[in-house]
Amino acid sequence: MLDPHGTPPEDVLARASNLRAEIEQHNQAYYVHDQPTIGDAQYDALLRELQALEQRFPAVLTSDSPTQRVGAAPLAAFSAVTHAVAMLSLANAFEEEEVLAFDKRVADTLVQAGVIKPSEPVTYACELKLDGLAISLRYEAGHLVQAATRGDGQTGEDVTANIRTIRSIPLRLNSPAPAVLEVRGEVFMNHADFERLNVMQAQRQEKIFVNPRNAAAGSLRQLDSKITAQRPLRFFAYGWGEVSDSLPATHDGVLQWLAKLGLPVNREQHATVSGALGLLDYYRTVGERRSGLPYDIDGVVYKVNSRQAQRVLGFVARAPRFALAHKFPAQEAMTELLGIDLQVGRTGAITPVARLAPVFVGGVTVTNATLHNEDEITRKDVRIGDTVVVRRAGDVIPEVVGPVLSARPAHAQVFQMVSACPVCGSTIEKPEGEAVARCTGGLFCGAQRKQSLIHAVGRKALDIEGLGDKLVEQLVDRARVKSLADLFTLTVTELAAYDRMGVKSAQNIVQAIEAARQPALDRFIFALGIRHVGQATASDLARHFGSIEGLMRASEEELLSVADVGPVVAQSIEHFFSEPHNREVVAALLDQGIEPQPLATRPQQSGLSGLTFVLTGTLPTWTREQAAEAILSAGGKVSGSVSKKTAYVVAGEDAGSKLTKAQSLGVSVIDESGLKALLGDA
C-alpha cells in the first residue's frame with residue numbers, strides 16, 4: 001500500500017509536473033496574451049486534477065504550484081521592505097517642446113562623452129505608461145520570494161502574499177534564471193475585468209470601485225490575500241532593480257530577456273525609435289489608438305535604449321536623466337462652482353477649495369478642486385456661481401482652470417478672504433512677498449494640530465503604523481490629544497472604544513507608539529514640522545548638532561554653518577524654537593521618555609578630509625549610495641563629475657565616461673577594495 005507521505009511514484013511526479021507546466025501555459029495565454037487556448041471547464045478540470053494529486057500525495061505540492069494562488073491567512077499589517085535598488089520616479093513632459101529639449105540634452109551629453117557622433121540620432125525604447133500600481137518582484141534562484149510596493153522609492157510595503165495570487169506573475173522563472181533578479185513593473189486591471197468586478201460588487205452589496213486604478217490599488221493592499229485572489233489583477237514588467245547576472249546591452253534587449261524568463265512584457269505596444277521626431281510620432285500613434293486599448297494609460301515613456309548611454313547620463317535626485325514620461329493632456333470638464341471653502345494646513349496655510357457640482361473627469365467623480373490662493377482666484381476672476389472648467393491629470397489634485405465667462409450668471413459672487421481663521425478664530429495674516437495667507441493660531445488651531453499630528457506620525461517621521469487621519473481627527477476633536485506628547489499616553493482600553501477600532505487594532509497601535517519612543521534624531525526633527533525643514537535638511541541638522549537640545553540652542557549664525565541651510569531656513573528654525581509652546585511640546589515629549597537617537601557624525605578631520613571622490617559603474621558588494629555614505633562618514637566629499645580637483649574615481653563594472661575622463665586627466669582610479677582600504681586607514 002502506498003504511503004501518501006512518502007516519495008510519490010514516478011508517474012505521479014511526472015503527471016504533477018506536466019500539469020503545473022500546462023496550467024501555467026494556459027495562465028500566460030489567458031492573463032498575459034488575452035488568447036485563451038482552452039475553455040474554463042477544461043482549465044478547471046486540470047486544476048482540480050492537480051489539487052487531487054497534491055492532496056493525496058503532499059510531497060507533490062510545491063511552493064510555486066498554480067494551486068497556491070488562492071491567498072493566505074489575513075495579515076495584521078504590511079511590513080516594510082527596503083529596496084536593494086531605489087525605485088525612482090520619472091520626469092514628466094506635457095508639451096512637445098519639453099520632449100525636444102529632453103532629446104537635445106541627451107544627445108548633447110552623449111556627443112560630449114563620445115558615445116555617439118554629432119550627427120547621430122539617439123535610439124530610444126518607447127512603451128506605454130500604464131495607469132496602475134508600481135511593484136517590485138524579487139526572484140532568488142528563479143523563485144518569487146518577495147514583492148513590494150514603490151512606497152517612497154527607498155522603502156515599500158511587503159505585498160508578497162497578494163502578488164502570489166496574480167496569475168500572470170510567474171512563481172518560478174524559466175531556466176536559466178539568475179541567482180537574484182528584481183523585476184519592476186505595473187499591476188493593473190483591464191476594462192472588461194473591471195466592469196465584471198463591479199457587477200459582482202453590486203450583487204454582493206459591497207463597495208463599487210470608481211476606476212480600474214483604484215480597484216487595482218485597493219485589491220493589492222488587502223490584508224486578506226484571499227480577497228486579492230478573487231480580483232482580476234494583471235502585471236506587465238518594464239524594468240529591473242538588483243540583478244546578479246550581466247544584462248543585455250540595450251533596454252529593449254533586457255525586456256526580451258525578461259520575456260524569455262516567463263515574465264509578462266507588453267511587447268505589442270513597445271517600439272524603438274530614433275531621435276525626437278521618432279518619439280513624437282510614437283506619442284501621436286499611441287494617442288490615436290488609446291481609446292481602443294483594453295486598459296488605462298496616462299501617457300508614454302521614453303528611455304534611451306543603450307544601457308551604456310544610460311550609465312553615462314546617470315541620475316538627478318529621484319529620477320534618471322535617460323528617461324521621460326510624456327503625459328497625455330489633462331482631462332477637463334465643466335461644472336458649477338457652488339462655493340469656496342477654506343482649508344487650514346499644517347503650517348497654517350489657508351487654501352481656498354472649490355466646492356463643485358459633481359462632475360466626472362479624468363476617471364473619477366470630482367466634487368472639490370484646488371483654487372491655490374487668493375491671488376489666483378483674483379487673477380482668474382473666478383466667482384461663486386460660475387460655470388468653471390475643471391482639469392485633472394493622472395493623480396494630480398483637480399484644479400479650477402478658470403470660469404466660462406459667457407455662462408456667468410448675474411448672481412455670481414466675488415470671493416472675499418476672511419480675516420479670522422475658520423477653525424480657531426485666530427487672525428489670518430499674509431506675509432509680505434508671499435502669496436499664501438496663514439492662520440496665526442499655531443497649535444492652538446485644531447486644524448493645524450490635526451495636520452501636524454498626521455505629519456508627525458507619518459512613515460517619514462515617527463512612523464506610527466495605524467494612526468491614520470480619521471483616528472487622529474477623532475482624538476483631536478474629543479480633546480484627548482492636544483499635542484504630540486499626548487499620543488504617547490494612549491492606552492489600549494481607550495483606543496478600543498473609538499469608531500472602527502477593536503482590541504487587536506488598539507494593541508497594534510499602542511505597540512507602534514512604543515516602538516517610536518527611540519526615533520532617529522533626524523526623524524524626530526522632521527516630525528516637529530518646522531517650516532522649510534524637509535528630510536534632507538533634518539538629517540543635516542541632526543548630524544551637525546547631535547541632539548535636539550543642541551539644535552534648540554543654536555543661533556542663526558550657527559544654523560547658517562550647516563550645509564544647505566540658508567537664511568530663510570535658519571530664520572524659520574530659530575523662529576520655531578523661540579515660540580514657547582513649541583519648546584513645551586519638545587519638553588513634554590522628552591518627559592514622556594522619548595529618546596531621539598543621534599546619527600553617526602561625519603568627522604571634520606580624518607584621512608579622507610578634503611578629498612573628493614567620484615563613483616562610477618556597478619560596485620561588487622556596495623551600492624553607490626552605500627559607498628557615498630561611507631566616504632561622507634569618513635570626512636570625504638562625493639561629486640557627480642570628474643575634474644582636476646578629484647582625488648579618486650572609484651570605478652566598478654561598466655564604468656563609463658567618468659573613467660575615461662579620469663584617465664585623460666591623470667586622476668587616480670581605484671576599485672571598491674581600494675576604497676575600503678582607504679576607509680580602513682582613515
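**Exercises: salt bridges and a parallel sheet**

R267 is partly exposed, with a relative accessible area of 32%. The model is predicted.

**Exercise 1.** Find the salt-bridge partner of R267 and state which elements the pair ties together.

*Solution.*
Step 1. Look for the acid: R267 meets the side chain of D252, at 2.8 Å from N to O.
Step 2. Place both ends. D252 sits in helix α8 (residues 251–260), and R267 in the loop between α8 and β9 (271–274), so the bridge ties together parts 15 residues apart in sequence.
Step 3. Check burial. The cut-off for buried is under 20% relative accessible area. D252 has 14%, so D252 is buried.

**Exercise 2.** Which residues do salt bridges with shared partners join into one network?

*Solution.*
Step 1. Follow the shared partners: R138, E140, E182, R184 and E242 form one network.
Step 2. Set the scale: the whole structure holds 29 salt bridges.
Step 3. Take one link of the network. The closest N and O atoms of E242 and R138 are 2.9 Å apart.
Step 4. Map that link. E242 belongs to strand β8 (residues 234–243) and R138 to strand β4 (residues 133–140), so the pair joins parts 104 residues apart in sequence.
Step 5. Compare exposure. E242 is partly exposed at 30% relative accessibility. R138 has a relative accessible area of 16% and is buried.

**Exercise 3.** Are D193 and R234 buried or exposed, and what does their salt bridge tie together?

*Solution.*
Step 1. Confirm the bridge: the closest N and O atoms of D193 and R234 are 3.0 Å apart.
Step 2. Assign elements. D193 lies in helix α5 (residues 191–203) and R234 in strand β8, so the bridge ties together parts 41 residues apart in sequence.
Step 3. Read the accessibility: D193 and R234 are both buried.

**Exercise 4.** Give the strand order of the open sheet with 4 strands, then name the helix that packs on this sheet.

*Solution.*
Step 1. Order the strands: β24-β23-β25-β26, with parallel pairing.
Step 2. Mark the edges. β24 (637–639) and β26 (668–670) each pair on one side only.
Step 3. Add the twist: from one strand to the next it averages 35°.
Step 4. Zoom in on one pair. β25 (residues 648–651) and β26 pair in the parallel sense over 3 bridges. Here V650 stands opposite I670 in β26.
Step 5. Add the helix. Helix α23 (residues 657–665) packs on the sheet and touches β23 (612–616), β25 and β26. The direction of α23 makes about 135° with that of β23.

Notes: Residues numbered from 1 in each chain as written. Predicted model: local features only at pLDDT ≥ 70, side-chain atom pairs only at ≥ 80, totals over all residues. Heavy atoms only, no water. Salt bridge = Lys/Arg side-chain N within 4 Å of Asp/Glu carboxyl O. Helix = DSSP H or I, 4+ residues; strand = E, 2+ residues; numbered from the N terminus. Buried < 20%, exposed > 50% of the residue type's maximum accessible area, 1.4 Å probe, protein only. Pairing = 2+ DSSP bridges. Axes fitted to C-alpha atoms, helices over the stretch in contact; angles between N-to-C directions. Contact = heavy atoms within 4.5 Å.
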